[in-house]
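Here are my notes on this one, written as numbered points. Keep the viewer open and click along as you read.

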Amino acid sequence: MRLALREARKGLGRTSPNPAVGAVIVINGEVAARGYHRRAGLPHAEVEALSRLGNHCPEGTLYVTLEPCNHVGKTPPCTQAILKSGIRKVVVGMKDPNPRVTGGGCAFLEAHGIDVTVGVLEAECRRLNEDFLVSVREGRPFVIAKSAMTLDGWTATSAGHSKWISNEESRAFVNRLRNRVDAVMVGIGTVLADNPSLTTRLKKGKGRDPLRIVVDTHLRIPRDAKVVTQHSSAPTLIVTGEGMAAPDCQPFRGGGVSTLACPLREGKIDLKALMKRLGEMSVMSVLLEGGAAIMGSMLRERLIDKFYLFKAPRLLCGDDGVPMAGGPGPEKMDNAMLLKDIRVRRFGDDTLIRGYPSYRT
């Protein structure tokens, strides 16, 4: 199953809105074939692995990270391919979380005499597809918040200057994150202050640009902003308030740029409504890169699922910098947000803290 997980990771960032899945076939104690789901519309992991054995392996055991599908989508059911291959045993990491199909694949295989074991390395399999789990359960994208800050907690100086807090190794890791998500999102404040590209810049040009989302209630984005004018294979989506007139939005439409009108709440974009709309657009994962205003709003709406926090060995030594999150915080330390499942990693002198928020009821 660990080998199947390794296979599945090869598809991360390429399979949306499908999950990343890996499969391994073992015959007489030896790995005979491997496969992974490469992209939506292409063969699933089980079928890819079976094809390497001519779709016939009656002595084999199939290990797969996710329950085989038993319904017709863009590809035929994997359960039929497994049945035809003659495989007599299937080991499944986790059941499909989709309530419309969960258990169907395993039940079908068992009904046809195949020995099925479920729940092997289930926690790892669920972590692999944490974005898919949130997508099917809540109908919205899995949101990862990324922030780089000084040791005393500032993300920019009092003048808004932030280039660069983190080092090149940390920034390269962020580009790898962008390569794995469906979209990257910022508020208009970040665009006005930094004019970011929000593209994926990996060595040898292998990166895939995500959808770029700019939350801009009153359409203040400059027409020459990089997210509007740059050449990229991915589009830019400008999210505005429903009250913006069509003529105001027209100059930003075309050339890979579109606008999306969302309802307002207290004069700002209703972020829960926006996440719902993105879910309907099959956006399964979003990397939130700031700034402070939208970070604070997303936190208060409990829409952030995971944090990547970079701490650099710098000190502003003042009280007038820009914080990670803006807006009101708790009055007592007892009410501070806690992070769970913490992992720490070093990038040179930078420290990355990865964790999941524990929202208090």
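1. Start with helix H4 (residues 104–111), which lies across strand S4 (89–94) and S5 and runs at about 150° to S5. Angles here run from 0 to 180 degrees between N-to-C directions, with axes as lines fitted to C-alpha atoms, for helices over the stretch in contact. Helices (H or I, at least four residues) and strands (E, at least two) are DSSP runs, numbered from the N terminus.

2. A quick word on ground rules. This is a predicted model, so local features need pLDDT of at least 70 and side-chain atom pairs count only at pLDDT 80 or more, while totals for chains, interfaces and linings use all residues. Residues are numbered from 1 along each chain as its sequence is written, and side-chain values use heavy atoms, with hydrogens and water left out.

3. Now the sheet. In what order do the strands of the open sheet of 5 strands come? The order is S2-S1-S3-S4-S5, with mixed pairing; two strands pair if DSSP finds at least two bridges between them. S2 and strand S5 (115–118) stand at the edges with a single partner strand each, so one side of each is left without a neighbour in the sheet. On average, neighbouring strands of this sheet are turned by 15° against each other, direction ignored.

4. Zoom in on one pairing in there. Strand S1 (residues 22–27) and strand S3 (residues 60–66) run antiparallel and are joined by 5 bridges. Try finding Ala23: the residue opposite is Val64 in S3.

5. Next, charges. Side chains of opposite charge can pair when their charged atoms come close. The structure holds 14 salt bridges, where a salt bridge is a side-chain nitrogen of Lys or Arg within 4 Å of a carboxyl oxygen of Asp or Glu. One of them joins the side chains of Arg38 and Glu48, at 2.7 Å from N to O. Arg38 sits in the loop between strand S2 (30–36) and helix H2 (45–51), Glu48 in helix H2, and the two are 10 residues apart.

6. Is Glu48 buried or exposed? Glu48 counts as buried because its relative accessibility is 11% (buried means under 20% relative accessible area, exposed over 50%, partly exposed in between, with a 1.4 Å probe and protein chains only). Arg38, at 36%, counts as partly exposed. Glu48 also forms a salt bridge with Arg52, with the closest N and O atoms 3.7 Å apart, and Arg52 counts as exposed at 51%.

7. Here's a salt bridge with a long reach: Arg140 and Asp305, closest N and O atoms 2.9 Å apart. Arg140 is in the loop between helix H6 (130–138) and strand S6 (142–150), Asp305 in the loop between helix H12 (292–300) and strand S15 (306–312), and their positions lie 165 residues apart in the chain. Arg140 is buried, at 7%, and Asp305 is buried too, at 14%. Elsewhere on your list, put the network that Arg127, Glu130, Lys306 and Asp341 form through salt bridges that share partners.

8. Have a look at H12 itself. H12 is mostly covered, with 7 of its 9 residues buried, among them Ile294, Met295 and Leu299. Just after H12, Arg302 takes a positive phi of about 60°.

9. Glu289 is in the loop between strand S14 (285–288) and H12, and counts as buried at 14% relative accessibility. The side chains of Glu289 and Arg178 are joined by a polar contact of 2.8 Å (a pair of N or O atoms within 3.5 Å; within protein, one must be able to donate a hydrogen and the other to accept it, and residues adjacent in sequence count only if both atoms are side-chain atoms).

10. Finish with the rings. Phe173 and Phe347 form a tilted aromatic pair, 5.1 Å centre to centre with 45° between the planes. Rings of Phe, Tyr and Trp (its six-membered ring) pair if their centres lie within 6.5 Å; planes under 30 degrees apart count as stacked, over 60 as edge-to-face and the rest as tilted. Both Phe173 and Phe347 are buried. Ring pairs link Phe173, Tyr308, Phe310 and Phe347 into a cluster.

Definitions and conventions
Contact = heavy atoms within 4.5 Å.
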